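Trainee: I would like a close look at one part of this model, the sheets and the helices that pack beside them. Please take me through it step by step.

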Amino acid sequence: MSTRLVVNRRGSTVWDVRTPDGRFAVKLGYPSQTHAWTAWAPAREATILRQLIPEEVRFGEWAEGTWSAQPWREGESLHRVWEPHRHPKEPTAPDPEEARSCAAALAKLHEDGWAHGDVQPNHFVIGPTGTFLIDLALAHGGEVPEDYDFRYRGCLVHYEAPEISRSILDSSTATPTKEADVYALGASFFLSATGRRHVPFPDDASRRDQRRAIVDKPHRPITVPGAQGRLIEQMMSRDPADRPSSAEVCQALRAAR
């Protein structure tokens, strides 16, 4: 057996574990300095994955929180795959098929009745056997055991839809939606293609100031070339009702090939 630390962030570690039985992503959750819910995130995600994928997913509790073991997904993140397009003077249009594969992974989750709640470029793994949408700990839409559930308090702000940021500012919580997922996917496409956040704010801005900027400011001009740029513009409409569905995004990207 071999183990490799992949992520060490506040409230969790993720390990690449190879065993005679296969390769797994093993997550350990524990309370962070600011959030107790991170301790329960691995188990919460595991209970959701058991409803969505055919492979075995294990989880349990340990001294500081919960753990889970799920199938390892081989590949590179959307952000890394699109790195060659982020030229400061001569940017190039990303592959619409790569974008469509990400939209298709999100659309499949939506068809199954769930909103992801934490769509970002690093959660799309583009690999030799397909594109996978990972990190479902914040997803909403189906049954989650009460022992492992917790309130949704937003996601990585760089990809948050204005209505989600507004709700967090007003009440410290929000409800993930498919429409907000589509906005976040558009913001993910934009940042991965250009290297810039969808709304400008200082790097040292507080979370509250970041969210206030998303609520009060328009997003940056969409500079991604061609049909993908026009689609991203639609996906990042401030009115959720004006955004295409994830399935419609797939159709538009298929036509753009």
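Mentor: Start at the hairpin that β1 and β2 form, with two residues between the strands. Gly11 lies in the turn and has a positive phi of about 90°. Keep in mind throughout that this is a predicted model.

The two arms of that hairpin are β1, residues 2–9, and β2, residues 12–19; they run antiparallel and are joined by seven bridges. To find the register, look at Thr3, which stands opposite Val17 in β2. Strands of a sheet pair through backbone hydrogen bonds, either parallel or antiparallel.

The hairpin belongs to an open sheet of five strands, in the order β1-β2-β3-β5-β4, with antiparallel pairing. At the edges stand β1 and β4 (58–62); each has a single partner strand, so one side of each is left without a neighbour in the sheet. From one strand to the next, the twist averages 20°.

Further along that order, β3 (residues 22–29) pairs with β5 (residues 65–71) in the antiparallel sense, over five bridges. Phe24 has Pro71 as its bridge partner in β5. A helix also belongs in this picture: α1, residues 41–49, lies across β3, β4 and β5 and runs at about 40° to β5.

Now turn to the other sheet. It is open, has three strands in the order β6-β7-β8, and its pairing is antiparallel. Its edge strands are β6 (76–77) and β8 (130–133), each of which pairs on one side only. Strand β7, residues 124–127, runs antiparallel to β8, and four bridges join the two. One point to check in the register is Phe124, whose bridge partner in β8 is Leu133.

In β6 you will find Ser77. Is Ser77 buried or exposed? Its relative accessible area is 15%, and buried means under 20%, so Ser77 counts as buried. Leaving aside residues up to four places away in sequence, Ser77 touches Pro121, Asn122 and Phe124.

The three-stranded sheet has a helix across it as well. Helix α3, residues 96–111, lies across β7 and β8, and runs at about 45° to β8. Helix α3 also meets α5 (residues 178–194): their axes come within 11 Å and cross at roughly 165°. Angles over 145 degrees count as roughly antiparallel, and α3 and α5 are therefore roughly antiparallel to each other. Their crossing is right-handed.

Which residues make this contact? From α3 come Ala99, Cys102, Ala103, Leu106 and His110, and from α5 come Lys178, Asp181, Leu185 and Phe189. Sorted by class, the residues of the contact of α3 with α5 are six nonpolar, one polar and two charged.

A further helix pair can be read in the same manner. Helices α7 (residues 226–235) and α8 (residues 246–256) pack at an angle of about 170°, with axes 10 Å apart. That angle makes α7 roughly antiparallel to α8. On the α7 side the contact is made by Ala227, Gln228, Leu231 and Met235, and on the α8 side by Val249, Ala252, Leu253 and Ala256. The contact of α7 with α8 has seven nonpolar residues, one polar and no charged ones.

Conventions: Residues are numbered from 1 along each chain as its sequence is written. This is a predicted model: local features need pLDDT of at least 70, side-chain atom pairs count only at pLDDT 80 or more; totals for chains, interfaces and linings use all residues. Side-chain values use heavy atoms; hydrogens and water are left out. Two strands pair if DSSP finds at least two bridges between them. Contact means heavy atoms within 4.5 Å. Axes are lines fitted to C-alpha atoms, for helices over the stretch in contact, and angles run from 0 to 180 degrees between N-to-C directions. Angles under 35 degrees count as roughly parallel, over 145 as roughly antiparallel, 65 to 115 as roughly perpendicular and the rest as oblique. A crossing is left-handed if the near helix is turned anticlockwise from the far one by less than a right angle, and right-handed if clockwise. Ala, Val, Leu, Ile, Met, Phe, Trp, Tyr, Cys and Pro count as nonpolar, Asp, Glu, Lys and Arg as charged, and the others, Gly among them, as polar. Buried means under 20% relative accessible area, exposed over 50%, partly exposed in between (1.4 Å probe, protein chains only).
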